[in-house]
Amino acid sequence: MKKGFIFDLDGVIVDTAKYHFLAWQNLANSLGISFSEEQNEQLKGVSRVRSLEKILEWGNKTISEEEFTRLMHEKNEEYLNYISKMDTSEILPDVPRVLDYLMKEQQAIALGSASKNARIILEKVELKNKFHAIVDGTNVSKAKPDPEVFLIGAQELGISPGDCVVFEDSVAGIQAANVANMISIGIGDPSVLGEADYVFKDFTEIKEEFINNLVSAKKV
Ligand code: G6P
Ligand code: MG
């Protein structure tokens, strides 16, 4: 049977949260706003616009529209500078093993990310050719927990949503997968990702037998 396997990018395939953190922290500090790693956690899966809105809310700051656009651009320039130095060593453990196994089993594989930089990152870590479809922040109008990104992914793969499986590290992403009627697999902390159908610390815990079971499973 052919299923659709849809992967989030940041925090699932690569650990880019540290680069988002550095760039947002510099921006927040330049505005006199403090910004902690705990706050950065809350920006996982959150779009660039919404992230800046949240930082301004935390710092109780109001800025003009022009300033907002300028800051978003500045943040992204710094982030692009970090990711320009990325290479295959930044792929999270056992991600290539799982992707290669799915390929070998002739399953359909898509990326479903909120990031507008997803394609550049996949190229830097040399994984772009592992995906049959790539849906990112440039293709969607509604952010997770809206299921749009995953539904477009399923459509591009030609697989019905009920036959798709999503790997996600953010709460909003798990909710999006559930709303789309897809099997949701949390990658991270079970106490945070409790709404997922399954949770694993990382891909080292995802064995071939589990994947085989997913191929024949249906979301209930
Ligand atoms: C992912 C990350 C977020 C990031 C968002 C937009 O969902 O988890 O932290 O803000 O993508 O990324 P971008 O690269 O477009 O700024
Ligand atoms: Mg993520």
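**Group meeting: strand β1, the core and helix α1**

Okay, let's start in the middle, with strand β1, residues 4–7, which is covered on both faces. Gly-4 and Ile-6 are buried on one side, and Phe-5 and Phe-7 are buried on the other. Keep in mind that this is a predicted model.

So who sits beside β1? Strand β2, residues 108–112, pairs with β1 in the parallel sense, over four bridges. If you want a spot to click on, Phe-7 has Leu-111 of β2 as its bridge partner. Then there's strand β4, residues 164–168, also parallel to β1 and also with four bridges. Over there, Gly-4 is bridged to Cys-164.

Now the core. The largest nonpolar core has 48 residues, and Ala-110, Phe-150 and Val-166 are the ones with the most contacts inside it. Helix α7, residues 148–157, gives the most to this core: five residues. What does Phe-150 touch, once you leave aside its neighbours within four places in sequence? The list includes Ile-6, which we just met in β1, along with Gly-112, Cys-164 and Val-166. Phe-150 also contacts Ala-176, Ala-177, Ala-180 and Met-182.

There's a second core too, separate from that one, with five residues, among them Trp-24, Ala-28, Leu-43 and Ile-55.

Two of those names, Trp-24 and Ala-28, take us to helix α1, residues 17–30, where they're buried together with Tyr-19 and His-20. Do these buried residues line one face or opposite faces of the helix? Looking down the axis of α1, they fall within an arc of 160 degrees, so they line one face. The general rule helps here: an α-helix has 3.6 residues a turn, so residues three or four places apart point the same way.

What do the buried residues of α1 pack against? That would be α2 (37–41), α3 (48–58) and α4 (65–83). Turn the helix round, and the face away from the buried side carries Lys-18, Asn-29 and Ser-30, which are exposed.

A quick length check on α1: at 1.5 Å a residue, its 14 residues should span 20 Å, and the end C-alpha atoms are indeed 20 Å apart. After the helix comes Gly-32, with a positive phi, near 75 degrees.

Last stop, Gly-194, in the loop between β5 (183–187) and β6 (198–200). Is Gly-194 buried or exposed? It has 11 other C-beta atoms within 10 Å, and the cut-off for exposed is 12 or fewer, so Gly-194 counts as exposed. From Gly-194 to Ile-174 is 20 residues in sequence, and 9.2 Å in space, C-alpha to C-alpha.

Conventions
Residues are numbered from 1 along each chain as its sequence is written. Chains are lettered from A and ligands numbered from 1 in the order in which they are written. This is a predicted model: local features need pLDDT of at least 70, side-chain atom pairs count only at pLDDT 80 or more; totals for chains, interfaces and linings use all residues. A residue is buried if 20 or more other C-beta atoms lie within 10 Å of its own, exposed if 12 or fewer, and partly exposed in between; C-beta atoms are placed from the backbone. Helices (H or I, at least four residues) and strands (E, at least two) are DSSP runs, numbered from the N terminus. Two strands pair if DSSP finds at least two bridges between them. A nonpolar core is a set of buried Ala, Val, Leu, Ile, Met, Phe, Trp, Tyr and Cys residues joined through C-beta atoms within 7 Å. Two residues are in contact if their C-beta atoms, placed from the backbone, lie within 7 Å. The expected span of a helix is 1.5 Å times one less than its number of residues. The arc is that of the directions from the helix axis to the C-beta atoms.
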